[in-house]
Amino acid sequence: MSDVSHPGPLELDQYFLRRSFEVARRALTHGNHPFGAILVDQNHNVLIEAENGYMPAHDGTAHAERLLATQACTTLDAGILKHATLYSSAEPCAMCAGAIYWAGIGRLVYGLSEHRLRAVTGNHPENPTLDLPCREVFRSGQRATEVVGPLLEDEAEALHAGVWHK
């Protein structure tokens, strides 16, 4: 973040969200869907990066956020997770929101909304998008999860250009 000497909260969120976009682009180069997530602690250190893992096994549950949440709750202390932020290139689906909740990650910032993702992917068999906002999933829980998004949605959508119509 050398380009910003004293970034504010919005600038930090945009910076780390764009880092999740880089992970999503990397997933695409590995033959996966363009989704990426990173976990950042309260001191702005990147702890974990995860890209979509659909291939090679065609694992429909290998979403970047779910993979990250599994790694986070099995390797990091609950106190760290409570104050950490998960940055995701797209709004987590119901499965991933549940994983984030159960991992105890306290904050989420996402780019592309689930509603807009559904419009982009259509009825693609590899991404039958659930149009269920993550806020609704979190709202049904017993602990708070702060949610920011959609943010930088046009940039997030651009990651999907030409992917779902091949």
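Two strands pair if DSSP finds at least two bridges between them. In this predicted model, strand S1 pairs with strand S3 in the antiparallel sense, over four bridges. S1 also pairs with strand S2, again in the antiparallel sense, over five bridges.

**Strand S1**
- S1 covers residues 36–40 and is mostly covered, with five of its five residues buried.
- Gly36, Ile38 and Val40 point one way from the strand. Ala37 and Leu39 point the other way.
- In a regular strand, side chains alternate between the two faces of the sheet.

**Partners of S1**
- S2 spans residues 46–51. Within this pair, Ile38 stands opposite Glu49.
- S1 and S2 form a hairpin, with five residues between them. His44 sits in the turn and has a positive phi of about 70°.
- S3 spans residues 85–90. Here Val40 stands opposite Thr85.

**Nonpolar cores**
- In soluble globular proteins, nonpolar side chains tend to be buried together.
- The largest nonpolar core has 23 residues. Leu39 of S1 is among those with the most contacts inside it, as are Leu68, Leu86, Ile105, Leu108 and Phe138.
- Elements that give two or more residues to this core include S1, S2, helix H2 (64–75) and helix H4 (94–103). Strand S4 (107–112) and helix H6 (134–139) do so too.
- H4 provides the largest share of this core, five residues.
- Another core lies apart from this one. It has 21 residues, among them Phe21, Leu112, Leu117 and Leu152.

**Around Leu108**
- Not counting residues up to four places away in sequence, Leu108 touches residues including Leu86, Ile100, Phe138 and Val148.
- Ser88, Pro92 and Glu146 are also among the residues that Leu108 touches.

How values were computed
Residues are numbered from 1 along each chain as its sequence is written. This is a predicted model: local features need pLDDT of at least 70, side-chain atom pairs count only at pLDDT 80 or more; totals for chains, interfaces and linings use all residues. Side-chain values use heavy atoms; hydrogens and water are left out. Buried means under 20% relative accessible area, exposed over 50%, partly exposed in between (1.4 Å probe, protein chains only). A nonpolar core is a set of buried Ala, Val, Leu, Ile, Met, Phe, Trp, Tyr and Cys residues joined through side-chain atoms within 4.5 Å. Contact means heavy atoms within 4.5 Å.
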